[in-house]
Amino acid sequence: MAHTTIFAVPQLLRGTARIFPTLSALLRLKYSALLHCTMNGTMKSKRKTDHLERTANNFRQEVISPAKVCGITNESETVKRLRLAVTNKDFTFKAGQWVDFFIPEVAVVGGFSICSSPGLLEQERVLELAVKHTVHPPAHWIHTQCSLDSVVALRVGGNFFFDPQPADSPVNLVLIAGGVGINPLFSILLHVADFHRNQESEENGYKMGTVKLYYSAKNTNELLFKNNIFGLMNEFPGKITCSFHVTQQSSQICEELQPYITEGRISEKELEKHVSKDTLWYICGPPPMIESISKLLENFGVSTDCIYFEKWW
């Protein structure tokens, strides 16, 4: 995500008073303090700005919807997976987008990529988030205080998404994830699976090409959604494939995972073989990873119009 000025922050708070009056007041006080710091030159690092500031110029829907936590599971030792029920029929999202996450009595607004498919929301009125534990107040609340039936509020935003229309030409996708950067790419992967399922019954629907996911994490325990991904690979052989990479594996890799795991970073040679005029590239992970891979793709001759990325700090 591009860094942006904080002067747009009050516009992002519209609608919060209606759902969480106390939260809206706290956010405005926080904005005033940040404005004072910035005008006095004391904010030294743009990377320390919060989600609302970083994304102030990103697309956002007007709708802010209450959501109830209806499921909590441990996706890994450090990541919790939340299932949230959203009854507001005007609340929609595109695969790859994120939500502003408003929590009662927590002044800081969270920003988390949705990791479920738009189809799940359409069919069951639920969406899912996978949140890594950090000291950031919204993530800390999810890991220490959030419980079944907790009520929050959500607003969809983001310019990073895959949303082809029926008349669009077929494309192949290469998805490149680092760590929890898998979240929006997993949403896209699930959306692609829905396209493949629907192709059999919808003659005039979008004709999906192939998808290759490259997913890198520290170790196999931090590879999120791997069982779900294996399921998609088995359901759509040749259409959905994945290569897992681990960079700091200290224990033996279990036999079941060994065929799919490469120790070390994603290589230039692996990526170069996917370069074509019909391929779109989606990257999400730490900024240094995104910058190096984007530069590499440009060196391969990939047009910047075909490279999409989402940075999270």
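**Note on the predicted model: a six-stranded sheet, helix H7 and a pocket**

1. Helix H6, residues 137-144, lies across five strands, namely S2, S3 (98-103), S4, S5 and S6 (151-157), and its direction makes an angle of about 85 degrees with S4. The model under discussion is a predicted one.

2. As to overall content, the protein chain holds 10 helices and 12 strands. Of its 313 residues, 54% are buried. Among contacts with a separation of 6 or more, 74% are between residues 24 or more positions apart.

3. The sheet crossed by H6 deserves a description of its own. Six strands make up an open sheet, ordered S4-S3-S6-S1-S2-S5, with antiparallel pairing. The edges are held by S4 (106-113) and S5 (126-132); each has a single partner strand, so one side of each is left without a neighbour in the sheet. On average, and with direction ignored, neighbouring strands are turned by 40 degrees against each other. As a general point, the strands of a sheet pair through backbone hydrogen bonds, in either a parallel or an antiparallel manner.

4. Strand S1 (residues 65-74) and strand S2 (residues 79-85) are linked by a hairpin of 4 residues. The two strands run antiparallel and are joined by 6 bridges. On its other pairing, S2 is joined to S5 by 7 bridges, and this pair is likewise antiparallel. S2 is mostly covered, with 5 of its 7 residues buried.

5. Which residue of S2 is the bridge partner of valine 69? The partner is leucine 84. Leucine 84 also stands opposite leucine 127 in S5. Leucine 84 thus appears in both of these pairings.

6. Threonine 73 is found in strand S1. Its relative accessible area is 44%; because this value falls between the 20% limit for buried and the 50% limit for exposed residues, threonine 73 is classed as partly exposed. Residues up to four places away in sequence being set aside, threonine 73 touches Val79, Lys80 and Arg81. Its C-alpha atom is separated by 9.3 Å from that of alanine 130, which is 57 residues away along the chain.

7. Lysine 89 belongs to the loop between S2 and S3. Is this residue buried or exposed? Lysine 89 counts as exposed, because its relative accessibility of 62% is over the 50% cut-off. Between the C-alpha atoms of lysine 89 and arginine 125 the distance is 8.1 Å, although the two residues are 36 apart in sequence.

8. Helix H7 includes leucine 185. With a relative accessibility of 1%, leucine 185 is under the 20% cut-off and therefore counts as buried. Beyond its neighbours within four places in sequence, leucine 185 is in contact with Phe160, Leu175, Ile176, Ala177, Tyr282 and Cys284. Leucine 185 and glutamine 97 have a C-alpha to C-alpha distance of 9.6 Å and are 88 residues apart in sequence.

9. Histidine 191 also lies in helix H7. At 13% relative accessible area, histidine 191 is under 20% and is therefore buried. Its contacts, apart from neighbours within four places in sequence, are with Ala95, Ser117, Pro118 and Phe162.

10. The second largest pocket has a volume of about 410 Å³. Which elements give two or more residues to its lining? These are helix H5 (118-124) and helix H7 (182-199). H7 supplies the largest share of the lining, 6 residues.

11. In total, 21 residues line the second largest pocket, and those nearest its centre are Glu122, His191, Asp194, Phe195 and Asn198. The lining is made up of 7 nonpolar, 8 polar and 6 charged residues. Histidine 191, described above as buried, is thus also one of the residues nearest the centre of this pocket.

How values were computed. Residues are numbered from 1 along each chain as its sequence is written. This is a predicted model: local features need pLDDT of at least 70, side-chain atom pairs count only at pLDDT 80 or more; totals for chains, interfaces and linings use all residues. Side-chain values use heavy atoms; hydrogens and water are left out. On a 1 Å grid over the protein atoms alone, a cavity is a set of points where a 1.4 Å probe fits but cannot get out, and a pocket is an open set with protein on both sides within 12 Å along at least five of seven lines; lining residues have an atom within 4 Å of a point. Grid points are joined across faces, edges and corners, and a volume is the space filled by probe spheres set on the points. Ala, Val, Leu, Ile, Met, Phe, Trp, Tyr, Cys and Pro count as nonpolar, Asp, Glu, Lys and Arg as charged, and the others, Gly among them, as polar. Two strands pair if DSSP finds at least two bridges between them. Axes are lines fitted to C-alpha atoms, for helices over the stretch in contact, and angles run from 0 to 180 degrees between N-to-C directions. Contact means heavy atoms within 4.5 Å. Buried means under 20% relative accessible area, exposed over 50%, partly exposed in between (1.4 Å probe, protein chains only).
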